[in-house]
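Reader: I have a structure open and no idea where to begin. Can we go through the charged pairs and then the strands?

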Amino acid sequence: MRLHIVARGKIGRSPEAELVDRYLKRIQWDTKVSELPDQGGKTPKIDGETKIIAMDESGENWSSKKFADQLLRWRDDGVRETRFLIGAADGLSADERASADLFFSFGKATWPHMMARSMLAEQLFRATAIIAGHPYHREG
């Protein structure tokens with residue numbers, strides 16, 4: 001299953017970009033990042049069974065283990081891509097919100113969208129490590 005981050009805004013050369021690259025390179029699954037302008041722009045075409053997760057402070061706040069369990073369930077059910085939408089500074093558009101299968105949150109705090117992208121990349125690596133039985137994630 002492909003893990004696809006679709007994010008508004010250009011991350012450029014930044015500490016956040018280094019973190020995103022560091023974590024995505026460690027993931028054994030197919031990964032992709034698509035950047036869109038802050039407003040407008042075409043979202044990448046959906047090919048096959050895709051689940052869309054909108055990153056939003058109003059969303060569900062799962063543990064890393066529950067996040068991994070959900071990705072594993074979708075992968076095993078034949079989902080070809082899980083797409084994560086990260087909005088610009090003003091959040092997600094109405095169309096982006098309407099397309100979501102679920103909303104996921106890193107808590108009730110508002111995070112800068114570039115920081116949210118790096119946090120998501122880390123959680124995707126952590127989830128795939130949990131699924132693979134890799135010792136990166138430690139239950140505490």
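**Salt bridges and strands**

Author: Start with arginine 8 and glutamate 96, whose side chains meet in a salt bridge, 2.9 Å from N to O. Keep in mind that this is a predicted model.

Reader: Which parts of the chain does the pair of arginine 8 and glutamate 96 tie together?

Author: Arginine 8 is in strand S1 (residues 2-8) and glutamate 96 is in helix H3 (residues 94-99), so the salt bridge links parts that are 88 residues apart in sequence.

Reader: Are arginine 8 and glutamate 96 buried or exposed?

Author: Both arginine 8 and glutamate 96 are buried.

Reader: ok. How many salt bridges does a search of the whole structure find?

Author: Nine. Another one of them is between the side chains of arginine 75 and aspartate 76, at 3.2 Å from N to O.

Reader: And what do arginine 75 and aspartate 76 count as, buried or exposed?

Author: Arginine 75 is partly exposed, because its relative accessibility is 34% and the partly exposed class runs between 20% and 50%. Aspartate 76 has 52%, so it counts as exposed.

Reader: What does glutamate 81 form a salt bridge with?

Author: With arginine 83; the closest N and O atoms of glutamate 81 and arginine 83 are 2.7 Å apart. Salt bridges with shared partners join these two with Arg2 and Asp30 into one network.

Reader: Why does glutamate 81 count as buried?

Author: Because its relative accessibility is 6%, and buried means under 20%. Arginine 83 is buried too, with a relative accessible area of 3%.

Reader: New topic, strand S4. How many of its residues are buried?

Author: Six of the six residues in S4 (residues 81-86) are buried.

Reader: Which residues are on which side of S4?

Author: Glu81, Arg83 and Leu85 are on one side, with Thr82, Phe84 and Ile86 on the other, and both faces are covered. As a general point, side chains in a regular strand alternate between the two faces of the sheet.

Reader: How many bridges join S1 to S4?

Author: Six, and S1 and S4 run parallel. Alanine 7, for instance, has isoleucine 86 in S4 as its bridge partner.

Reader: And how many join strand S3 to S4?

Author: Five bridges join S3 (residues 50-60) to S4, and these strands also run parallel. Isoleucine 52 has arginine 83 in S4 as its bridge partner.

Reader: Which helix does the chain go through from S3 to S4?

Author: The chain goes through helix H2 (residues 64-76), and this β-α-β crossover is right-handed.

Technical notes
Residues numbered from 1 in each chain as written. Predicted model: local features only at pLDDT ≥ 70, side-chain atom pairs only at ≥ 80, totals over all residues. Heavy atoms only, no water. Salt bridge = Lys/Arg side-chain N within 4 Å of Asp/Glu carboxyl O. Helix = DSSP H or I, 4+ residues; strand = E, 2+ residues; numbered from the N terminus. Buried < 20%, exposed > 50% of the residue type's maximum accessible area, 1.4 Å probe, protein only. Pairing = 2+ DSSP bridges. Right-handed = clockwise from strand over helix to strand, strands pointing away.
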